Amino acid sequence: MHEIFEDFFDLKTKLAGEILQKFVNYHVRIAIVGDFSGYKSKSLKDFIYESNNGKDVFFDLIERNGLEKSGSDHSSL
């Protein structure tokens with residue numbers, strides 16, 4: 001599973017774009033939660049920045065923030 005995870009964040013593989021586009025196409029918001037500071041790619045940082053300024057895909061360090069941004073109603077978290 002580790003390789004798939006790494007491939008997702010390597011934008012050259014286009015995996016992130018292909019997967020996230022499916023969510024956008026079906027009008028499903030998604031929050032991706034984790035510490036992305038270990039990734040040094042400027043392209044990835046720009047991708048995360050642009051996603052966070054959109055309305056469908058959000059990257060956040062804290063799960064609750066990601067859920068709130070994505071509009072999920074999980075008040076028990």
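Helices (H or I, at least four residues) and strands (E, at least two) are taken here as DSSP runs, numbered from the N terminus. On that footing, His-27 sits in the loop between H2 and E1. The model is a predicted one, so local features need pLDDT of at least 70 and side-chain atom pairs count only at pLDDT 80 or more, while totals for chains, interfaces and linings use all residues. Residues are numbered from 1 along each chain as its sequence is written, and side-chain values use heavy atoms, with hydrogens and water left out.

Confidence comes first. pLDDT is the predictor's confidence in each residue, from 0 to 100; its mean over the protein chain is 85, and 82% of the residues reach 70 or more. Of the chain's elements, H3 has the highest mean pLDDT (97) and helix H4 (residues 63-70) the lowest (68). Where pLDDT is low, the predicted coordinates should not be read in detail.

Back to the loops. His-27 has a positive phi of about 55° although it is not a glycine. With a relative accessible area of 73%, His-27 is exposed (exposed is over 50%, buried under 20% and partly exposed in between, with a 1.4 Å probe and protein chains only). Lys-14, in the loop between H1 and H2, also has a positive phi, near 65°, and is not a glycine either. Its relative accessible area is 57%, so Lys-14 counts as exposed.

Next comes the core. A nonpolar core is a set of buried Ala, Val, Leu, Ile, Met, Phe, Trp, Tyr and Cys residues joined through side-chain atoms within 4.5 Å. The largest one has 12 residues, among them Leu-20, Ile-30, Leu-44, Ile-48, Val-57 and Phe-59. Helix H1 (2-9), helix H2 (15-25), strand E1 (30-33), H3 and E2 each supply at least two residues of this core.

Aromatic rings add another layer. Rings of Phe, Tyr and Trp (its six-membered ring) pair if their centres lie within 6.5 Å; planes under 30 degrees apart count as stacked, over 60 as edge-to-face and the rest as tilted. By this rule there are six aromatic pairs. One of them, Phe-47 with Phe-59, is edge-to-face, at 6.1 Å centre to centre and 70° between the planes. Since Phe-47 lies in helix H3 and Phe-59 in strand E2 (residues 57-60), the pair ties together parts that are 12 residues apart in sequence. Phe-59 is buried, at 4% relative accessible area, whereas Phe-47, at 25%, is partly exposed. Ring pairs link both into a cluster with Phe-5, Phe-8, Phe-9, Phe-36 and Tyr-39.

That leaves H3 itself (residues 42-52). Leu-44, Ile-48 and Ser-51 are its buried residues to note. They cover an arc of only 65° around the axis, taken from the directions from the helix axis to the C-beta atoms, so they lie on the same side of H3. The face turned away from this buried side carries the exposed residues Lys-42, Tyr-49 and Glu-50. At the N-terminal end, Ser-41 caps H3, with a side-chain oxygen 3.3 Å from the backbone nitrogen of Ser-43.

Ser-51 has a relative accessibility of 13%, so it counts as buried. Its side chain reaches the backbone oxygen of Phe-47 at 2.9 Å, a polar contact (a pair of N or O atoms within 3.5 Å; within protein, one must be able to donate a hydrogen and the other to accept it, and residues adjacent in sequence count only if both atoms are side-chain atoms). Leaving aside neighbours within four places in sequence, Ser-51 is in contact (heavy atoms within 4.5 Å) with Val-57, Phe-58 and Phe-59.
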